[in-house]
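Here are my notes on this one, jotted down as I went through it. Have the structure open while you read.

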Amino acid sequence: MTITPIIGIEAHIELKTKTKMFCGCDASHFHADPNTHTCPVCLGLPGALPVPNKTACEWCIKLGLALGCRVNHSSFFERKNYFYPDLPKGYQISQYLRPFTVDGILDLDGHKIRINRVHLEEDTGKSVHLGGDTLLDFNRSGVPLVEIVSEPDINSPEEAKKYLLKVQQVVRYLGISDADIEKGSMRCEPTINIKIEDGDQTFYTPLVEIKNVASLTGVMTAIQFEIDRQIAQFQEDKIVKNSTNKTTRGWDAEKQQTFLQREKEGSADYRYFPEPDIPPIEFTANDVEAVKSTLPEMPDQKIKRYINDFGLSDYDSNLICESIDSSEAFEYGISVFSTEKENIKKFANLYINGLKEHLNKENKEIEKEKINPEQVFKVIKMASGNVVSSSVAKNLIVQSYEFGVDVENYAKENNLIQVSDTIVIEEMAKKVITDNPKAVADYRKKPLSVGFLVGQLMKASKGSANPTLAKEILEKLLSQ
Amino acid sequence: MELNNLTITKIRQGLLDKKFTAVEVATNYLDRINKLDQEVRAFITVTPEIALEQAKLVDKKISEGKDIGRLAGSTVAVKDIFLTKGIQSTSGSRVLEGYIPQYSSTVFEKVMSEDAILIGKVNCDPFAFGVSTENSGYFSTHNPWDLSRIPGGSSGGSAAAVAATFSTFALGSDTGGSIRQPAAMCGVSGIKVTYGRTSRYGVTSMASSFDTMGSLSSTVEDLALITETMAGIDPHDATSSSESVPAYSQLLDKVSLKGLKIGLPKEYFSEALNPEIKQKVMEAAQLYQKHGATLVDISLPSTSLGIDVYYILVPSEISANMSRYDGLRFGPSVRESKDLISYYMENRGQFMEPEVKRRIIIGTYALSSGYYDAYYLKASKVRTVIKQEFQDVFQKVDVILAPVCPSTAWPLGQKVNDPLQMYLEDVFTVCINVAGLPSLAVPCGFDGQNLPLGYQLIGNYFTEDRLFSIGHQYQQLTDFHLQKPKLNNIK
Amino acid sequence: MSSTTITDDIISKVAKLARVQLTEEEIHTFTSQLSPVMEHIDSLNSLNTDAVEPTFQVTNLKNVFREDVILDSLSQKDAIAPAHKSEQGYVVMPKTIDK
């Protein structure tokens, strides 16, 4: 029996425009007092009318293009009709028949996931439950949302995670949203069913849409749970997918399981029709080209360039390019020697293992302005010339970044200049051998354990000894 | 001088000439309302304090030699679907009973900015759904010409207020004839503008792609001034037009009647038309002919389909526009329900008038799963056909002249139980809304029972200036528009 | 397009979709009132519109936008003033037994 999970994902991205989708209210709503960023339009008051946010439309097109979509030259908004207290008009202005962009593709390490559409709509308000009452806050009502709908081309929870991380990266590269799943500026709803091949028979389980997943891990766990549940369910009832048995299940993060949500009667009949309050929107080929030209280099292209032009590894390139800020900081750092592959590789090492590690510990984001390319060049020169050890070099990069020091002066003042004087090292080595008889005895049995003795020497020299020389000299002395 | 029988221009001039004060004008109207509105029942909310306060401000401006607005001192009765900040706006429905809006409609603000005086909010069919004002959740308005009859609808209160001279002019809306038909039935002039000419922001939406905001008054000259004030693009309304606003009031003599080609559409002069109305409307056409115009027989073959297009598209848009009325953020509310669905059903069921429910049901049905192509899409295609027919006709004629409604005002209560009959009364007005064209309703006589009737002048898009000119010149040659009903208890 | 006969059942279902409570009497009345209306509407079938584009907007407007510039919002007080019930700046939903 072959089991193939078939997964499609609907992702919603909250755009960080200054204003809402259809009115001039401040779109920021995190931590704002309730109902302080509202107006007749986003409150759905009688007589209010929507006027589309130009920037939101442009950003939706941008995202569609970045995901390989085609722009519809003429598109329009539609009303999606349903009743819920956090939806003030009793309909959501969204897109249906002719969305802004369609037919894209996202490459996940060779596996291409097709994108059905990337369209624009408005968010609902928020409801808060407090002591038996439901309280409504419309600050979020009307905030622009981009909806990205994938085809069911994803085949595993891991792939789902990869897909979401990729989407998140692309969105962040474009600077149009924070796409933070925990904060709710990126939301995901996977839809899953399973293809079961048993001998010469093929079965498809009914579709299930999962709601209320609030983290990436949650997405993976929920999908896996659902896969297992559907297989078990099918073995029990043999019910296959048809056009009417799609269900919605909520994810319970506490219990770590999905549960059938109460059937929202009539919720499937949205009675879509073109939004009469908003004239259609047309993009000429020139308009599309203009938006295309504002696209930054996207992660995939960048990584390819780092591999080809800089000779960096796939792994390192991915790390450096994980955010647009990071790649910009890196390229700024190498700007003084940008064609010297050797130096670039060296900086990549210092960047990843020195600077990034430091920033991760401090939980800080990289700031390009703090990088000093001249100082970077000096550090690399010092490391290449064995003037400082590689671990000191990492520290110097951090010092230059955080405190703007001149690395040569700093190294001198702090005794970090590498000791390569063989006589000095020999003296230290002799002392280490004398001080560590057990380690010496171990070395006789296991030559590889020389590392411990090298470590002791490095310690004694406060890291300034040339480690290669240290090892050589120790081995020479021990062999005598 | 009768202060309630002056045009906007005469009131303004009278103030400047210090013949009377704005307070005197306002007081005069308020007294009339006090004495006589219990018979007519045009008003839901009279605003005496606001009126006198505004009038005092106008008088102060004059005494200080400051400029006064082009509508200064004229009183306006505002259809209750227009939101007026701080003043109850019910849209003629119990759904909005007691609602005090947090903002005002754009066109209302424009009219106020020209120093008009708000005399009160007038009755209408709920949310403008109706042709007789009998559907109002509050009470029926009576035709000042015959108090046992309807004033027409949905702007029945607006037309009655002008006819009874309870206000100088009135604001109304026309989605399927709601200004023109009550204007004709009450013997006053009314303008339905080109769709998009005036802003819809701040007026409860009925059918978003049909609604137009307009006005009613005793003279076309007044309408020109009012429209000059109301028209123009509004950043709050994405369907409002960027066409520049002509100085309509300066262009009243612009169009020469000589050689003017007036089209008479045969479908509008069918057997459905009351013969008395037909005769009077033809007399109006012949008067134009006498002064040099040419009458041209034309045909608008899809006229009879207009009602069907209208009664699919309009209720469909209504059904969505009415979804926001749930008693949560505004409007009265039921206290507790057993679940969420029941909450919505009870709230909306309890306060909505039958006609409101009827239209929501039709619209929801037409848009429901599987029916979109058959109804909404089909009707939208026929809409294109109707639009095109008008365009073809305007290649041959300059303007179209036609009756406004098949009958004069019928007795209150006569048709309330027959919605289809009511809908068919719109036959001569709806196609104009389907196409989005402008149309001016002008009184042109009375039937055997002394009930008013009128004709409409239909123009191509954004030709209000021509319609005002052609209509104004008719009013220079006739006096139907000057006649006003005698109300009981008149001193 | 085939015209479905309007029945009490259809009116009932549509009323629920539209969230408008109707009494039994209203359901009957509407069924008898709306049947002729819907039949009348069927006359649209007499016109062949295969080659016709629909009109969704009578204006020829397109690309009407707003710049991304913050405008004044209502004060919290004004926003919730007409609400039937409000608390600490929130609009309160009436109690329902199951949410």
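How many salt bridges does the rule find across the interface of chain B and chain C?

1. One. Keep in mind that this is a predicted model, so everything here is computed from predicted coordinates. The salt bridge in question pairs the side chains of E26(C) and K357(B), with N to O at 2.9 Å. Polar contacts between chain B and chain C come to 16 residue pairs, both residues at pLDDT 80 or more.

2. On to the extent of that B–C interface. The size of an interface is often given as the accessible area lost when the parts come together. Here chain B and chain C bury about 5,400 Å² between them, and 69% of that is on carbon and sulfur atoms. In chain B, the residues that lose the most area to chain C are M345(B), I361(B) and Y365(B), together 12% of what that side buries. In residue terms, the contact takes 67 from chain B and 55 from chain C.

3. Which elements make up the chain B side? Those that each supply at least two residues to the side touching chain C include α9 (303-321), α10 (340-351), α11 (354-367) and α12 (373-393) of chain B. The short strand entry on that list is β9 (337-339) of chain B, and α13 (419-424) and α14 (430-435) of chain B are on it too. The most comes from α12(B), with 13 residues. By class, that side of chain B divides into 37 nonpolar, 16 polar and 14 charged residues.4. Now the other partner of chain C. Chain C and chain A bury about 3,600 Å² between them, 56% of it on carbon and sulfur atoms. F65(C), R66(C) and D68(C) supply 21% of the area that chain C buries against chain A, more than any other three residues. The contact takes 34 residues from chain C and 50 residues from chain A.

5. Polar links across the A–C interface: the count is two salt bridges. One of them joins K62(C) to E282(A), whose closest N and O atoms are 3.1 Å apart. There are also 20 residue pairs in polar contact, both residues at pLDDT 80 or more. On the chain C side, α1 (8-17), α3 (76-80) and β2 (90-93) each supply at least two of the residues that touch chain A. The largest share, four residues, comes from β2(C). That side of chain C has 16 nonpolar, seven polar and 11 charged residues.

6. Have a look at β2(C) from the chain A side as well. Strand β9 (residues 133-137) of chain A is joined to β2(C) by three bridges, and the two run antiparallel. If you want a pair to find on screen, L135(A) has V92(C) as its bridge partner.

7. Within chain A, β11 is a good strand to follow. β1 (residues 2-14) and β11 (residues 186-198) of chain A are antiparallel and share 12 bridges, with I3(A) opposite I196(A). I196(A) also has F203(A) as its bridge partner in β12(A); β12 (residues 201-204) of chain A runs antiparallel to β11(A), with four bridges between them. In the hairpin of β11(A) and β12(A), two residues lie between the strands, and G199(A) takes a positive phi near 65°. Two bridges join β11(A) to β13 (residues 208-211) of chain A, again antiparallel, and there I192(A) is the bridge partner of V208(A).

8. Chain B has a sheet to trace too. Its 11 strands form an open sheet with mixed pairing, in the order β1-β3-β2-β4-β6-β5-β11-β12-β10-β7-β8. Why is one side of β1 (43-46) and of β8 (294-298) of chain B left without a neighbour in the sheet? Both stand at the edges, each with a single partner strand, so one side of each has no neighbour there. From one strand to the next, the twist averages 30°. For one of the pairings, take β10 (residues 399-403) and β12 (residues 452-458) of chain B: they run antiparallel with four bridges, and P403(B) has Y455(B) as its bridge partner.

9. Last, the helices on that sheet. Helix α2 (residues 22-40) of chain B packs on the sheet and touches β1, β2 (75-79) and β3 (117-122) of chain B; its direction makes about 20° with that of β3(B). Helix α7 (residues 220-230) of chain B lies across β4 (169-174), β5 (189-192), β6 (212-217) and β11 (439-446) of chain B, and α7(B) runs at about 145° to β6(B).

Conventions: Residues are numbered from 1 along each chain as its sequence is written. Chains are lettered from A and ligands numbered from 1 in the order in which they are written. This is a predicted model: local features need pLDDT of at least 70, side-chain atom pairs count only at pLDDT 80 or more; totals for chains, interfaces and linings use all residues. Side-chain values use heavy atoms; hydrogens and water are left out. Contact means heavy atoms within 4.5 Å. Buried area is the accessible area (1.4 Å probe) that two parts lose on being put together, summed over both. A salt bridge is a side-chain nitrogen of Lys or Arg within 4 Å of a carboxyl oxygen of Asp or Glu. A polar contact is a pair of N or O atoms within 3.5 Å; within protein, one must be able to donate a hydrogen and the other to accept it, and residues adjacent in sequence count only if both atoms are side-chain atoms. Ala, Val, Leu, Ile, Met, Phe, Trp, Tyr, Cys and Pro count as nonpolar, Asp, Glu, Lys and Arg as charged, and the others, Gly among them, as polar. Two strands pair if DSSP finds at least two bridges between them. Axes are lines fitted to C-alpha atoms, for helices over the stretch in contact, and angles run from 0 to 180 degrees between N-to-C directions.
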